[in-house]
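Got your viewer open? Here's a short walk through the charged side chains, one selection at a time.

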Amino acid sequence: MLDESFLRTVDLPVGDRFEAWTERLGRTHAPMQLASDCAADYHGEQRIVGLGDVTVWPATFDHLVFRRTPKLVRQSDPEVYHLSLLRRGEGAASWGRQQVAYRIDDFHTNTSSRSYDISTGPDPVTLIGVEIPRSLVALPAQRADRVIGSRVSSREGVGALLAQFLIQLVSDTAPYQPSDGPRLGAVVADLVTAVFAHALDADRRLPPETRARTLTLHIKAFIRRRLGDPELTPDRIAAAHHISRSYLYRLFQAEGTTVGAYIREQRLKNACRDLADPALRTMPIHAVGARWGFPRAAEFTRAFRAAQGVPPSEYREARGLSAE
């Protein structure tokens, strides 16, 4: 499991809740002045997931006003960029004359090195926050700072890749080992760099290794959307991304796997999930295989047995579901 810590203000005495929340956010990002209409009985939940030098923190909390003054910046600056993926609620931020309002599925961008005022709406907000050292964003600092205050959508392009990665990561950290943290942090850093570069229309300035990782994540997302297509081949994947098949192979070699192995692993992962799902217990086993790109039952059984050690029928029976 990854390095994590939790805070739920409802676990504290009412009179201590807002002070504890203020102290927690000050350590998560940077010292701030916080105020709230709900300060008398504040409700907030935050989970901090450590990924080496990068921190990801899903949270839900009541109305809040964040104020980082010039004095606080001078006194303490951890020199981090902050991104928040807004999942529920609303918010607005200002940096002097620069102002922006945020909608659900927008990324809010900020930095501890500038003063700001941020206010959420009257209803609780849910977000996924990211704290990343400025030094890990592989763009010239003056250019990267121009992104601050931009409203970046998570509904398309590189923003969608970053959002999907964060959502999947925080939904279940159990499969990861503590040693995975820094590697996952490197992926977040590459994606944040790509998001910033896209916002600046500066993709050509990205380091080659960042472009390669970002392209690999694009390709993996493309594959996962098409797992049910039995004609999903390296040639088709390479053509869809305007690269050669040999370059596609090199991208996956850098990940310690092959294109074919990744496709098979994802197909079997989804097949396992369906076979263990009580709602799908009447679906014939051959139909589960066909659903995930194995049109021939014998091929599905061989691949499943090789990966799981038992045929699909025994896998389903072991979970208390009758095989078809």
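Start with arginine 225, which sits in helix 6 (residues 208-225). This is a predicted model, by the way, so treat what follows as computed from that prediction. Is arginine 225 buried or exposed? With 58% relative accessibility, against a cut-off of over 50%, arginine 225 counts as exposed. Now add Arg224, Arg226 and Lys269 to the selection: together with Arg225 they form a patch of positive charge on the surface.

Stay on helix 6 and pick lysine 220. Lysine 220 is buried, at 14% relative accessible area. Which residue does lysine 220 pair with? Show glutamate 255 and you'll see the salt bridge, with the closest N and O atoms 2.9 Å apart. Glutamate 255 is in the loop between helix 8 (245-253) and helix 9 (259-275), so this pair ties together parts that are 35 residues apart in sequence. Unlike buried lysine 220, glutamate 255 is partly exposed, at 41%. While you're at it, select Arg103, Asp106 and Arg155, which are joined into one network by salt bridges that share partners.

Next, go to arginine 134 and aspartate 145, another salt bridge, with 3.1 Å between the closest N and O atoms. Arginine 134 lies in the loop between strand 11 (125-133) and helix 3 (141-144), while aspartate 145 is in the loop between helix 3 and strand 12 (151-153), so the pair links parts 11 residues apart in sequence. Aspartate 145 counts as partly exposed, at 24% relative accessibility.

Now jump to arginine 8 and aspartate 11, whose side chains meet in a salt bridge at 2.9 Å, N to O. Colour by accessibility here: arginine 8 is partly exposed at 39%, and aspartate 11 is exposed at 52%. How many salt bridges does the structure hold? The count is 15, and the arginine 8 to aspartate 11 pair is one of them.

Save aspartate 62 for last. You'll find aspartate 62 in the loop between strand 4 (54-61) and strand 5 (65-68). Side chains of opposite charge can pair when their charged atoms come close. Where is the nearest side chain of opposite charge to aspartate 62? That's arginine 88, 7.4 Å away, and aspartate 62 is buried yet has no salt bridge; the cut-off for one is 4 Å. To see what does surround aspartate 62, leave out residues up to four places away in sequence and show its contacts: Cys38, Asp41, Tyr42, His43, Thr120 and Pro124.

Key
Residues numbered from 1 in each chain as written. Predicted model: local features only at pLDDT ≥ 70, side-chain atom pairs only at ≥ 80, totals over all residues. Heavy atoms only, no water. Helix = DSSP H or I, 4+ residues; strand = E, 2+ residues; numbered from the N terminus. Buried < 20%, exposed > 50% of the residue type's maximum accessible area, 1.4 Å probe, protein only. Lys, Arg positive; Asp, Glu negative; His and termini not counted. Contact = heavy atoms within 4.5 Å. Patch = residues over 30% accessible without salt bridge, like charges linked within 9 Å, V, L, I, M, F, W, Y side chains within 5 Å. Areas by Shrake-Rupley, 256 points an atom, 1.4 Å probe, with all protein chains shown as cover. Charge placed at Lys NZ, Arg CZ, Asp CG, Glu CD.
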